[in-house]
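Here is a short briefing to read alongside the model. Have a look at the view below, and then we will go through it topic by topic.

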Amino acid sequence: MTSLQVIPPILELHDATCLGNTKTTVLVKNPESRIRTVRFRPPKTKYFSVFNLPQSQKLSPGLELAVEVIFHGELLASSDIREQVQDKLVIQSDNGNYELILRALLPKPDVRLVGDLMFGLLPLESKASKNFKLVNHGMQAVPFRVEWEKTCNISVEPSSGNVPPASMGNEPPLACAL
């Protein structure tokens, strides 16, 4: 293990999109009292690259070196990856290696039901209704469809649709009637 300080210690991009590139600066600092020689082994996948990657760099005590890691999100559009992309940037020094984990987490839905469907005790042949909402705290739209036994005298409107991403306040209201 190297004594170099790497900031951030893990590079994790949340809700990475396929719309373009995401650039992040990584700092490599020498906290020791002697000069260290630093080398880089670039990421192996096509989704990550490093801009202006130096071959070998001497790093004086207390100084830092900045490299720019680029996530190529536009390449996701033509792939079948659905959850995450992971790679590593290896930082080598004369006293050990540091593997910087590079991770891009793709957007996903996070749908929750707001409200309850507890009708309590109802007299036979009575009518009751409840309103509730589906809220998507995630960053990707998601279709929904409500299914139930058709032999039960229940109606849900709408019974299908889409819940938009980050749908705070613009989620589709649903009504359930007995």
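A search of the whole structure turns up one aromatic pair (rings of Phe, Tyr and Trp, the last by its six-membered ring, with centres within 6.5 Å). Phenylalanine 48 and phenylalanine 71 form this pair, with 5.3 Å centre to centre and 50° between the planes, which counts as tilted (stacked is under 30 degrees, edge-to-face over 60, tilted the rest). This is a predicted model, in which local features need pLDDT of at least 70 and side-chain atom pairs count only at pLDDT 80 or more, while totals for chains, interfaces and linings use all residues. Residues are numbered from 1 along each chain as its sequence is written, and side-chain values use heavy atoms, leaving out hydrogens and water.

**The aromatic pair in context**
- The pair links distant parts of the chain, 23 residues apart: phenylalanine 48 sits in strand 5 (residues 48-51) and phenylalanine 71 in strand 7 (residues 64-72).
- Phenylalanine 48 is buried at 3% relative accessible area (buried is under 20%, exposed over 50%, partly exposed in between; 1.4 Å probe, protein chains only).
- Phenylalanine 71 is buried too, at 1% relative accessibility.

**Fold and dimensions**
- The chain has 15 strands and zero helices (DSSP runs numbered from the N terminus: E of at least two residues for strands, H or I of at least four for helices).
- The C-alpha trace spans about 85 × 35 × 25 Å along its principal axes.

**Burial and contacts**
- Of the 178 residues of the chain, 33% count as buried.
- Among contacts (heavy atoms within 4.5 Å) between residues at least 6 apart in sequence, 62% join residues at least 24 apart.
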